[in-house]
Amino acid sequence: MTTTRHVGSSHGAHEGGHARRVPRAAAPASRLSVATVAAILGILAVGQLHAQTGAPALAPLSATDLTQLVANLTTGNDQLRAEVTDLEGQQAHLEDARERGETTVDQLASDLARIRAWAGLTAVSGQGIAVIVRGRIGGDRVEDLINELRDAGAEAISVDGVRIVTGVVVAGAPGALSVENNAIGESFEIRAIGSPQILTGTLTRTGGVIAQIGATYPDAELTVTPAQQLTLPATDRSLLPTHGKPQL
């Protein structure tokens with residue numbers, strides 16, 4: 001019985017010693033886990049440090065600050081886009097204004113050219129009629145002929161190569177006519193630019209001015225010839241008014 005108890009005591013002691021050795025065997029594994037976690041944390045810390053080093057200005061900002069920063073950047077971009085749109089609009093407006101200005105200049109130049117042509121300041125050419133006068137005729141009848149041409153729509157008239165403008169008249173007795181102080185003979189030419197049909201019909205109609213001149217000066221001969229191209233010179237006369245002043 002003694003032996004039996006001894007054996008039982010030895011077995012119990014063996015089991016107790018085994019139980020005490022189990023915790024000591026698990027200690028290296030725990031230390032390995034701690035080391036692994038520490039390494040991972042170190043890697044993360046180094047990554048964060050590098051990130052903060054790359055953006056030192058943004059690192060200390062909070063989420064609220066970053067949100068506000070993004071909002072400010074968006075507002076600034078919107079303002080820049082608005083300025084670009086405004087500048088593009090100004091450019092388009094200036095281009096339109098330039099085009100309108102060029103059109104206005106062209107229109108003014110065209111109007112000025114017409115005014116100068118009507119006034120006799122420039123030579124003109126176009127269709128019309130040529131009236132050849134042969135024989136003795138008084139200046140008053142030549143003026144009647146000129147006035148009839150004007151009433152019929154003549155745009156420009158010349159007598160013996162002299163442009164008829166304000167202040168220029170054909171005067172003198174039969175056989176002693178003059179225009180702008182230049183003597184003209186008993187044969188001369190009157191030119192008028194306008195519609196050949198209207199001008200010819202007006203002068204040659206029954207009871208018209210040519211018929212009246214023929215009744216007064218039976219020896220005079222007037223021949224009307226339509227022409228597709230006539231050229232009348234500009235006047236040499238100054239058209240500056242002596243008494244009238246421009247009123248703007």
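Here's a quick briefing on how one helix, α3, sits against a second helix and a sheet. Keep in mind that this is a predicted model. In short, α3 meets α4 in a right-handed crossing, and α3 also packs on an open sheet of five strands.

**The helix pair**
- Helix α3 covers residues 139–151 and helix α4 covers residues 196–204.
- Their axes come within 9 Å and cross at roughly 135°.
- That makes α3 and α4 oblique to each other, because the angle is neither over 145 degrees nor in the 65 to 115 range.
- On the α3 side, the contact uses Leu145, Glu148 and Leu149; on the α4 side, look for Leu199, Thr202 and Leu203.
- Sorted by type, the residues of this contact come out as four nonpolar, one polar and one charged.

**The sheet**
- Reading across the open sheet, the strands run β3-β2-β7-β1-β8, with antiparallel pairing.
- β3 (162–163) and β8 (221–232) are the edge strands; each has a single partner, so one side of each lacks a neighbour in the sheet.
- At the β8 end, strand β1 (residues 124–134) pairs with β8 in the antiparallel sense, over ten bridges.
- If you want a spot to check by eye, Ile129 has Pro226 in β8 as its bridge partner.

**Helix on sheet**
- α3 packs on this sheet and touches four strands: β1, β2 (156–159), β7 (187–193) and β8.
- The direction of α3 makes about 15° with that of β7.

Notes
Residues are numbered from 1 along each chain as its sequence is written. This is a predicted model: local features need pLDDT of at least 70, side-chain atom pairs count only at pLDDT 80 or more; totals for chains, interfaces and linings use all residues. Side-chain values use heavy atoms; hydrogens and water are left out. Axes are lines fitted to C-alpha atoms, for helices over the stretch in contact, and angles run from 0 to 180 degrees between N-to-C directions. Helices (H or I, at least four residues) and strands (E, at least two) are DSSP runs, numbered from the N terminus. Angles under 35 degrees count as roughly parallel, over 145 as roughly antiparallel, 65 to 115 as roughly perpendicular and the rest as oblique. A crossing is left-handed if the near helix is turned anticlockwise from the far one by less than a right angle, and right-handed if clockwise. Contact means heavy atoms within 4.5 Å. Ala, Val, Leu, Ile, Met, Phe, Trp, Tyr, Cys and Pro count as nonpolar, Asp, Glu, Lys and Arg as charged, and the others, Gly among them, as polar. Two strands pair if DSSP finds at least two bridges between them.
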